[in-house]
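Colleague: I'm new to this one. Could you walk me through it?

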Amino acid sequence: PSRSEIAYFGAGPAPLPTAAIEQSAQAFVNFQDTGLSLAEISHRSPTANKILSDAKDALATLYDIPTDEYDVLFMQAGGTGEFSATVQNLVGYWIEKRRRKAIAELGEGKDAEVLDRVKREVEAELKVDYLVTGSWSLKASQEASRLLGAKYVNVAVDARKSNNGKFGKIPDEKEWKLTPKGSAFTYYCDNETVDGVEFPGFPKSLESTTGAGEDDDERIVVADMSSNFLSRKIDVRKFGVIFGGAQKNLGITGITVVIIRKSLLSLVPPPTFLHALSPVLPTSGALPPIIFSFSTIASNNSLYNTLPIFNLYVATVVLQMLVSTFGQKKVSGQEEVADRKAALIYGALDAHPDTYHVVPDKSVRSRMNICFRIISGTPSDGQVVADEAKEKAFLAGAEKRGLLGLKGHRSVGGMRASNYNAVLLESAQKLADYLVEFAKS
Ligand code: PLP
């Protein structure tokens, strides 16, 4: 089939705008009549630098990034890489702040006393807070435990506990158990791709920019936006770090975007100090491999090593298209489209409650990953029973109509329609029409 006959709802990698594919394909074959493929051009060339600065400019425009306070980094190793990098860099920042304070108070040359004091502070005070609301934040929290040791990781929320052992709801903020004295950072995943759970907005408990207690400690919020990147307006100033892999809403695999408050780049502990701290904190907890060091990547304009410029170019093309499509509305323009598409699909599901069951709670339904089951009636005890034979038939019928990529994640089952930015309104309409047709049949 031709591309125009297909509506693709894959969870990631995900569809790209057709015009972006065509422009990128041309760049791969012969970039701007240079006779060279963009994939053959040096990452240190003026061409590559221009692509990099165009990407930064477009992203800053779309998200209203205050560029005097925030930096944009392009990294590799995906969202998973950032599970590790955020821990190591931000715990490093936390330690360096305390090391400098100890030096200021105890005086230069008191290395043993400084080390001793920071060791005691680490043992008594170091915590990282995780809101575990789905499989990806769970993975991120597990990585934090692996790098730091579990005793430093506070799972402030485990959404499964109040939902029969399954993800699908975000507990009321009153039930969250954030570290009372403040943490090195608070981590959450804004949109849980597997479970179809999205935070309705920025959590109120994390609003204040200062930490929960200790003198000058700032609150540092880290958000994984891999699967709802550039799909709604955000206030960048509320975040210390925002990250996301490009392969869902932005481009192709191989590029990870990190938006980071510049002040977090300035404090990096000396490796020898971290080695000496290791009896209380594993070195892996605060000493990133050089390729994951935010300050190194930032001070080298994301070109510390060979950045995949072709992959970056695809994202740049998409970003520039978003800027020109939505003009003054910026990301709010994309948000309106995303909301309309999600309303079409949820509308069709909700209109047929005897056929469809939306997996997550209504209060946290994701606009990006719409997870649903096909049921054979709801038994009296309220337990939903999925009808796997009907689900198979649904998927087969969908495929015949060119509606692809709808099979749910193996851990949740059923169906998942991923409604990322490049999914056209017409595609969402086609799916909604098929949902109605299937329910009637
Ligand atoms: N975070 C979220 C929300 C995701 O959906 C994914 C992948 O689907 C990841 C992180 C991991 O990303 P990657 O595969 O780029 O490491």
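Modeller: Sure. First a term: pLDDT is the predictor's confidence in each residue, on a scale from 0 to 100. This is a predicted model, in which local features need pLDDT of at least 70 and side-chain atom pairs count only at pLDDT 80 or more, while totals for chains, interfaces and linings use all residues. Residues are numbered from 1 along each chain as its sequence is written.

Colleague: How do you know what confidence the predictor has in the chain?

Modeller: The mean pLDDT is 96, and 97% of the residues reach 70 or more.

Colleague: What makes the largest nonpolar core a core?

Modeller: The name means a set of buried Ala, Val, Leu, Ile, Met, Phe, Trp, Tyr and Cys residues joined through C-beta atoms within 7 Å. Buried means that 20 or more other C-beta atoms, placed from the backbone, lie within 10 Å of a residue's own. The largest such set here has 130 residues, and Val128, Leu312, Ile345 and Leu431 have the most contacts inside it. Helix 8 (residues 309-326), a DSSP run of H or I with at least four residues, gives the most to this core, 10 residues.

Colleague: Which residues is Val128 in contact with?

Modeller: Contact needs C-beta atoms, placed from the backbone, within 7 Å. Leaving aside neighbours within four places in sequence, the partners of Val128 include Val87, Leu148 and Phe185.

Colleague: And why speak of two domains, 58-310 and 330-440?

Modeller: Because the bounds come from an automatic or database domain assignment, which divides the chain into domain 1 (58-310) and domain 2 (330-440). Their centres, taken over C-alpha atoms, are 33 Å apart, and 24 residues of domain 1 are in contact with 24 of domain 2.

Terms used: Buried ≥ 20, exposed ≤ 12 C-beta atoms within 10 Å, placed from the backbone. Helix = DSSP H or I, 4+ residues; strand = E, 2+ residues; numbered from the N terminus. Contact = placed C-beta atoms within 7 Å.
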